[in-house]
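Let's take a stroll around this protein, starting at the surface and finishing inside. Keep the 3D view open as you read.

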Amino acid sequence: MADQEDPHEVALARYRLYVDTLRARMPKEQFDLLMEVIRMWAEHGGGTIRLSLDGPEKELFTQAMQQELLNLMGLIGALEPGHEDRADHVVAQLGDGEHAKGAMSLVPPDVAADPERLRAMRDRLDAQQRQRALDQREVENIARASGMPTTTDDA
């Protein structure tokens with residue numbers, strides 16, 4: 001009988017159950033923020049997200065909440081036909097690099113168990129973060145030279 005179950009329906013039921021569990025155990029404000037972020041992420045087609053949160057939201061967006069966000073992303077990814085295995089991915093702590101701090105990623109269990117692969121992921125993220133910082137500095141220098149305000153001018 002289990003062979004006849006629709007994989008999409010199973011993935012959808014798993015996602016709904018997980019969301020219901022989060023709703024029951026998270027403070028309402030934190031749960032609401034998490035659902036807003038996941039909704040925006042899904043509406044924009046998934047992928048990488050960059051958030052800019054204000055004071056109260058930033059306080060709610062704890063590392064535990066970030067882990068739940070990654071878990072939800074995996075469960076949503078499992079809704080895509082042929083990607084049902086994404087529901088079994090786990091959050092791996094990648095640690096700190098020179099530029100990327102507190103890095104984590106949703107990975108298959110075999111990757112989570114391989115310190116070398118995790119280190120390589122962290123190193124790639126660290127290099128990307130370094131490049132972003134260099135690019136941001138360059139953009140701000142151009143803006144400053146053009147007489148435009150920059151984010152560092154506000155600080």
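## A nonpolar patch

First, a quick bit of vocabulary: a patch here is made of residues with over 30% relative accessible area and no salt bridge, and nonpolar side chains are joined into one when they are within 5 Å. Keep in mind, too, that this is a predicted model.

With that in hand, look for Met 40, Ile 49 and Leu 51, which make a nonpolar surface patch of about 210 Å². Where does Ile 49 lie? You'll find Ile 49 in the loop between helix 2 (28–43) and helix 3 (55–60). Ile 49 has 31% relative accessibility, so it counts as partly exposed.

## A negative patch

Now for some charge. Asp 6, Glu 9, Glu 84 and Asp 85 form a negative surface patch.

Pick out Glu 84 from that group: its place is in the loop between helix 4 (63–77) and strand 1 (90–95). Glu 84 is partly exposed because its relative accessible area is 32%, and that falls in the range between buried (under 20%) and exposed (over 50%).

## Going inside: Met 65

Next stop, Met 65, which lies in helix 4. Is Met 65 buried or exposed? Met 65 has a relative accessible area of 1%, so it is buried.

Which residues is Met 65 in contact with, leaving aside its neighbours within four places in sequence? Those are Met 26, Gln 30, Leu 33, Leu 34 and Leu 60. As for Arg 14, it sits 51 residues from Met 65 in sequence, and their C-alpha atoms are 19 Å apart in space.

Conventions: Residues numbered from 1 in each chain as written. Predicted model: local features only at pLDDT ≥ 70, side-chain atom pairs only at ≥ 80, totals over all residues. Heavy atoms only, no water. Patch = residues over 30% accessible without salt bridge, like charges linked within 9 Å, V, L, I, M, F, W, Y side chains within 5 Å. Areas by Shrake-Rupley, 256 points an atom, 1.4 Å probe, with all protein chains shown as cover. Salt bridge = Lys/Arg side-chain N within 4 Å of Asp/Glu carboxyl O. Helix = DSSP H or I, 4+ residues; strand = E, 2+ residues; numbered from the N terminus. Buried < 20%, exposed > 50% of the residue type's maximum accessible area, 1.4 Å probe, protein only. Lys, Arg positive; Asp, Glu negative; His and termini not counted. Charge placed at Lys NZ, Arg CZ, Asp CG, Glu CD. Contact = heavy atoms within 4.5 Å.
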